Amino acid sequence: DRPFYFRSSAKPFQAAVSQACGAGLGREQIALACASHDGEPVHVALVEAITGPEAVSAADLSNDSLFLLTNLSAPHFRFIQVPLESPGRDQWRELLPEGEDVLEAVCLVGRTLVAQRLREVSSRLFLHELDGTLRQEIPLPTLGSVSGLSAEKDGAEVFFGFSSYTFPPAVYRIPLPGPPSPQAPLEHVPEAVPEDVSSATL
């Protein structure tokens, strides 16, 4: 009998251990960690996001760009676009800069960015154009917490859970796109509960 040793087939197990130890990799990063690659620009950008300077980053791919929600040089997080053909840092484009509020999550829905921010333990939601220009803030039912912000990239709606000490847990839907309006384009989803809303990173 001759011994056989793991090589590339061990990668999924290594990735699982890394994730269990708190690596916090996104879906695309997990896929890269579990497989071999040939150094395409998209692979290089993902690897740099994982192994670059100490930072927490969530990555998402869309068309010809990698989108990163990161606290790299931004303790309150920022949202940047990395072109896959030229992923060097001098080509990174900051779409949502760091602000006083903590940027907790961003959903890319068509040509709309839905940003979830935290101000003094209370959530806020904003709609931005794809270039980062603010479209409007979404008025929430009251002061409280948003959870499970999720959407399809090519969809026309975003869902999220909402709760507070004085408001029962509920799920809401925001139809997109829509013109800026002082009225909240918010629709309650009565048949859903917050646990039904899967969380999303980008």
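**Exercise 1. Follow the strands around Ala-151 and find how they are joined.**

*Solution.* Begin with Ala-151, which in this predicted model stands opposite Val-158 in β10. The next step is to look at the pair of strands as a whole: strand β9 (residues 145-151) and strand β10 (residues 157-164) run antiparallel and are joined by five bridges. Between β9 and β10 there are five residues, and the two strands form a hairpin. From β10 the path leads on to strand β11 (residues 167-175), which runs antiparallel to β10 and is joined to it by seven bridges. Within this second pairing, Phe-160 has Tyr-172 in β11 as its bridge partner. β10 and β11 also form a hairpin, with two residues between them.

**Exercise 2. Work out the order of the strands in the open sheet, and name its edges.**

*Solution.* The sheet consists of four strands, and reading across it gives the order β5-β6-β7-β8, with antiparallel pairing. The edge strands are β5 (102-109) and β8 (134-138), since each of them pairs on one side only. From one strand to the next, the twist averages 25°. For a closer view of one pairing, take strand β7 (residues 122-129), which pairs with β8 in the antiparallel sense over four bridges; here His-128 stands opposite Leu-134 in β8. As general background, strands of a sheet pair through backbone hydrogen bonds, either parallel or antiparallel.

**Exercise 3. Decide whether Thr-70 is buried or exposed, and describe its surroundings.**

*Solution.* First locate the residue: Thr-70 lies in strand β2 (residues 65-70). Its relative accessibility is 1%, and because buried means under 20%, Thr-70 counts as buried. A polar atom of the Thr-70 side chain lies 3.0 Å from the backbone nitrogen of Leu-72. Across the pairing, the bridge partner of Thr-70 in β3 is Arg-78, and the strands β2 and β3 pair in the antiparallel sense over six bridges. Strand β3 (residues 78-83) is itself mostly covered, with five of its six residues buried. On to the next neighbour, three bridges join β3 to strand β4 (residues 93-96), and these two run antiparallel; in this pairing Phe-79 stands opposite Leu-96 in β4.

**Exercise 4. Identify the largest nonpolar core and the strands that supply it.**

*Solution.* The largest nonpolar core has 17 residues, and those with the most contacts inside it are Val-114, Leu-125, Leu-149, Val-158, Phe-160, Ile-174 and Leu-176. At least two residues of this core come from each of β5, β7, β9, β10 and β11. Apart from this core lies another, of twelve residues, among them Leu-69, Phe-79, Leu-96 and Leu-113. To see the contacts of a single member of the largest core, consider Val-114: leaving aside residues up to four places away in sequence, Val-114 touches Ala-105, Val-106, Cys-107, Val-109, Phe-126, Leu-127, Leu-149, Val-158 and Leu-176.

**Exercise 5. Judge where the coordinates call for caution.**

*Solution.* Start with the overall figures: the protein averages a pLDDT of 79, and 72% of the residues score at least 70. Then compare the elements, among which helix α3 (residues 41-51) has the lowest mean pLDDT (66), whereas β4 has the highest (95). Finally, consider residues 196-202, over which pLDDT stays under 50, although the model has 27 contacts beyond four places in sequence for them. Where pLDDT is low, the predicted coordinates should not be read in detail.

Key
Residues are numbered from 1 along each chain as its sequence is written. This is a predicted model: local features need pLDDT of at least 70, side-chain atom pairs count only at pLDDT 80 or more; totals for chains, interfaces and linings use all residues. Side-chain values use heavy atoms; hydrogens and water are left out. Two strands pair if DSSP finds at least two bridges between them. Axes are lines fitted to C-alpha atoms, for helices over the stretch in contact, and angles run from 0 to 180 degrees between N-to-C directions. Buried means under 20% relative accessible area, exposed over 50%, partly exposed in between (1.4 Å probe, protein chains only). A polar contact is a pair of N or O atoms within 3.5 Å; within protein, one must be able to donate a hydrogen and the other to accept it, and residues adjacent in sequence count only if both atoms are side-chain atoms. A nonpolar core is a set of buried Ala, Val, Leu, Ile, Met, Phe, Trp, Tyr and Cys residues joined through side-chain atoms within 4.5 Å. Contact means heavy atoms within 4.5 Å. pLDDT is the predictor's confidence in each residue, from 0 to 100.
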